[in-house]
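Reader: I would like a close look at a single part of this model, with the surroundings brought in where they help. Please take me through it slowly.

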Amino acid sequence: MKLLAAIISFASLSAVLPAHAQSQAASSASAPRALPATAVPSSVKQIYNEAADARAELNLALAKAQAQQKNVLVVFGANWCGDCVALDKKMSAGSLAEHVDKRLVLLKVNVGRFDRNTDLAAQMGVSLKKGIPAVAVLKRDGEVLSATNGGELADARNMGDAAVLTVLEGLHPKH
């Protein structure tokens, strides 16, 4: 519950920042902007929303989890990461999709080039040092149940569905 209160408190504080950023953007709208180094061509599916406010999305995921009586699976990754893309594909069909859909609300959080939302990962006890994707499972009240810390999913492209399912079930055992 303390984590949820801290997240909501921070989200409330950060709600003021977008308005300031918008006014800054409006004043420099005529200046040409270069694409960031992490930009992915528009023809490539954006699995991780690079413009998202991760804390606001977390609050929405927690509310959805509360309403559906599920927990939240937070996946930290990036669009440039082949293992993140592979994990997303694995969780989109078959037994992994069934496992996630039945028991968890899925939230994907962009970490960019390890320069975005790393503070949120750290708050959840998720170490990104051994690679991404990395995940945390939260109770619907925001309390962290468990998290990956040893790069358990960092080789997702070479893991079979059963191996990924084993990692997820280890983080979120069946009741």
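Author: A residue counts as buried when its relative accessible area is under 20%, and as exposed when that area is over 50%. In this predicted model, arginine 55 has a relative accessible area of 6%, so arginine 55 is buried. This arginine belongs to helix α3, and its C-alpha lies 7.8 Å from that of leucine 120, although the two residues are 65 positions apart in sequence.

The part that I would examine most closely is helix α7, which spans residues 161–171 and has Val164, Leu165, Val167, Leu168 and Leu171 as its buried residues. These buried residues cover an arc of only 160 degrees around the helix axis, which means that they sit on the same side of α7. On the face turned away from that buried side, α7 carries the exposed residues Ala162, Thr166 and Gly170. As for what the buried residues of α7 meet, they pack against the strands β1 (71–77), β3 (134–138) and β4 (144–147), and also against the helices α4 (82–90) and α5 (94–103).

Helix α7 can then be placed in a wider setting, the largest nonpolar core, which has 44 residues. Among the elements that give two or more residues to this core are α7 itself, together with α3, β1, β2 and α6 (118–123). The members that touch the most other members are Val72, Leu73, Val74, Phe76, Met124 and Val126. Methionine 124 repays a closer look: leaving aside residues up to four places away in sequence, this methionine touches Leu58, Val74, Phe76, Ala136, Leu138, Val144 and Ala147.

There remains the question of empty space inside the protein. Rolling a probe the size of a water molecule over the atoms shows where such space is left. The structure holds 1 cavity of 30 Å³ or more, and the largest cavity has a volume of about 40 Å³. Its lining is formed by Asn49, Ala52, Ala54, Glu57, Lys108, Val109, Asn110 and Asn117, and these residues divide into 3 nonpolar, 3 polar and 2 charged. Helix α3 (54–68) and strand β2 (104–110) each supply at least two residues of this lining, with β2 giving the most, at 3 residues. Helix α3 thus appears at several points in this account: it contains arginine 55, it gives two or more residues to the largest nonpolar core, and it supplies at least two residues to the lining of the largest cavity.

Note on methods
Residues are numbered from 1 along each chain as its sequence is written. This is a predicted model: local features need pLDDT of at least 70, side-chain atom pairs count only at pLDDT 80 or more; totals for chains, interfaces and linings use all residues. Side-chain values use heavy atoms; hydrogens and water are left out. On a 1 Å grid over the protein atoms alone, a cavity is a set of points where a 1.4 Å probe fits but cannot get out, and a pocket is an open set with protein on both sides within 12 Å along at least five of seven lines; lining residues have an atom within 4 Å of a point. Grid points are joined across faces, edges and corners, and a volume is the space filled by probe spheres set on the points. Helices (H or I, at least four residues) and strands (E, at least two) are DSSP runs, numbered from the N terminus. Ala, Val, Leu, Ile, Met, Phe, Trp, Tyr, Cys and Pro count as nonpolar, Asp, Glu, Lys and Arg as charged, and the others, Gly among them, as polar. Buried means under 20% relative accessible area, exposed over 50%, partly exposed in between (1.4 Å probe, protein chains only). The arc is that of the directions from the helix axis to the C-beta atoms. Contact means heavy atoms within 4.5 Å. A nonpolar core is a set of buried Ala, Val, Leu, Ile, Met, Phe, Trp, Tyr and Cys residues joined through side-chain atoms within 4.5 Å.
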